[in-house]
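This briefing goes through one protein chain, from its overall make-up down to single residues. Please look over the sequence and the model before reading on.

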Amino acid sequence: MTVREVALDAYREALPALVASLLGGLLAGVVLSGMRPELRDVPGLLVLIPALLATRGNVYGSLGARVATALHQGLIEPRLSEADRRLGAAAAAAISNGLLASTFASVVVFALLTALGDSVAPLSTLVGIALIAGILSGVVLTVVVVTVVFAGYRRGRDPDTLVGPIVTTTGDVFGVLFLLLAVRIVLGFGIGGGG
């Protein structure tokens with residue numbers, strides 16, 4: 001194969017995932033634009049959102065890369081099995097890392113905005129929102145990443161090509177949706193807003 005043929009194959013393989021990523025990003029933006037009341041009710045949330053979305057991409061992109069590498073090395077089979085402890089451990093580690101990073105981001109946003117004298121929601125509100133959104137999006141992202149990597153591998157596609165755009169799309173769409181849900185849950189319990 002020539003370099004040109006390899007490049008064309010790579011683009012052909014990645015293009016559908018990249019188009020899905022583009023559309024997913026636009027959908028996430030539409031949901032985010034509809035969150036104006038929640039952004040007003042939880043000062044500091046707008047600062048926290050990019051950190052939470054980036055965390056999803058980093059943590060679950062890493063999970064996808066680990067699963068893809070394990071498939072390439074023959075360490076796991078491209079199907080779910082109760083006996084596969086490696087996959088379970090990787091998924092549990094990804095969710096735990098995502099929750100830890102979300103909590104850390106909440107604390108940093110609270111501390112930074114407090115130090116700057118800006119209005120910020122109570123720390124318990126920011127952490128509660130980050131944890132609820134982190135758990136919900138973590139479960140969905142784990143299922144989507146493993147499913148897409150396994151399905152792509154079984155169909156002869158390079159899972160490494162699929163992981164980035166799929167994680168970005170799923171992380172953005174579900175991250176924003178679950179963030180909205182988390183804000184409504186936390187404010188519904190009266191932990192809420194002010195600064």
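At what angle do helix 3 and helix 6 pack, and how far apart are their axes? In this predicted model, helix 3 (residues 45-73) and helix 6 (residues 159-188) pack at about 145°, and their axes are 8 Å apart. The points below start with the chain, return to this helix pair, and then take up four residues.

**The chain as a whole**

- The protein chain holds six helices and zero strands, so its elements, read from the N terminus, run α-α-α-α-α-α.
- Along the principal axes, the C-alpha atoms of the chain fill a box of roughly 60 × 40 × 25 Å.
- The chain has 195 residues, and 41% of them count as buried.
- Of the contacts between residues at least 6 apart in sequence, 81% join residues at least 24 apart.

**Surface and charge**

- The chain exposes about 10,300 Å², and 66% of this area is supplied by carbon and sulfur atoms.
- There are 13 positive and 12 negative side chains, and the centres of these two sets lie 3 Å apart.

**Helix 3 against helix 6**

- Two packed helices are described by the angle between their axes and by the distance between the axes.
- For helix 3 and helix 6, these values are about 145° and 8 Å.
- The crossing of helix 3 and helix 6 is right-handed.
- On the helix 3 side, the residues that meet helix 6 include Gly57, Gly61 and Gly64, together with Ala65 and Ala68.
- Arg56, Tyr60 and His72 are also among the helix 3 residues in this set.
- On the helix 6 side, the partners include Gly171, Gly175, Val163, Val167, Val176 and Val183.
- Asp160 and Asp172 of helix 6 also belong to the set.

**Helix 6 and helix 1: Thr169 and Gly24**

- Thr169 lies in helix 6, and Gly24 is placed in helix 1 (residues 3-33).
- Thr169 counts as buried because its relative accessibility is 12%, under the 20% cut-off.
- Gly24 is also buried, because its relative accessible area of 8% is under 20%.
- Beyond neighbours within four places in sequence, Thr169 is in contact with Ala20, Ser21 and Gly24.
- With the same neighbours left aside, Gly24 is in contact with Thr169 and Val173.
- Gly24 and Pro165 are 141 residues apart in sequence, while their C-alpha atoms are 9.8 Å apart in space.

**Helix 6: Thr161**

- Is Thr161, a residue of helix 6, buried or partly exposed?
- Thr161 is partly exposed because its relative accessible area is 21%, and buried residues are under 20%.
- Leaving out neighbours within four places in sequence, Thr161 is in contact with Ala10, Glu13 and Ala14.
- Thr161 and Ala10 are 151 residues apart in sequence, and the distance from C-alpha to C-alpha is 7.7 Å.

**Helix 5: Ala133**

- Ala133 is found in helix 5 (residues 123-154).
- Ala133 counts as buried because its relative accessibility is 1%, under the 20% cut-off.
- Not counting residues up to four places away in sequence, Ala133 touches Arg56, Gly138, Phe178, Leu179 and Ala182.
- Of these, Arg56 and Leu179 also appear in the set where helix 3 meets helix 6.
- Ala133 and Val176 are 43 residues apart along the chain, and their C-alpha atoms are separated by 8.5 Å.

Notes. Residues are numbered from 1 along each chain as its sequence is written. This is a predicted model: local features need pLDDT of at least 70, side-chain atom pairs count only at pLDDT 80 or more; totals for chains, interfaces and linings use all residues. Side-chain values use heavy atoms; hydrogens and water are left out. Helices (H or I, at least four residues) and strands (E, at least two) are DSSP runs, numbered from the N terminus. Buried means under 20% relative accessible area, exposed over 50%, partly exposed in between (1.4 Å probe, protein chains only). Contact means heavy atoms within 4.5 Å. Accessible areas come from the Shrake-Rupley method with a 1.4 Å probe; for residues, only the protein chains shown count as cover. Lys and Arg count as positive and Asp and Glu as negative; His and the chain ends are not counted. The place of a charge is taken as NZ of Lys, CZ of Arg, CG of Asp or CD of Glu. Axes are lines fitted to C-alpha atoms, for helices over the stretch in contact, and angles run from 0 to 180 degrees between N-to-C directions. A crossing is left-handed if the near helix is turned anticlockwise from the far one by less than a right angle, and right-handed if clockwise.
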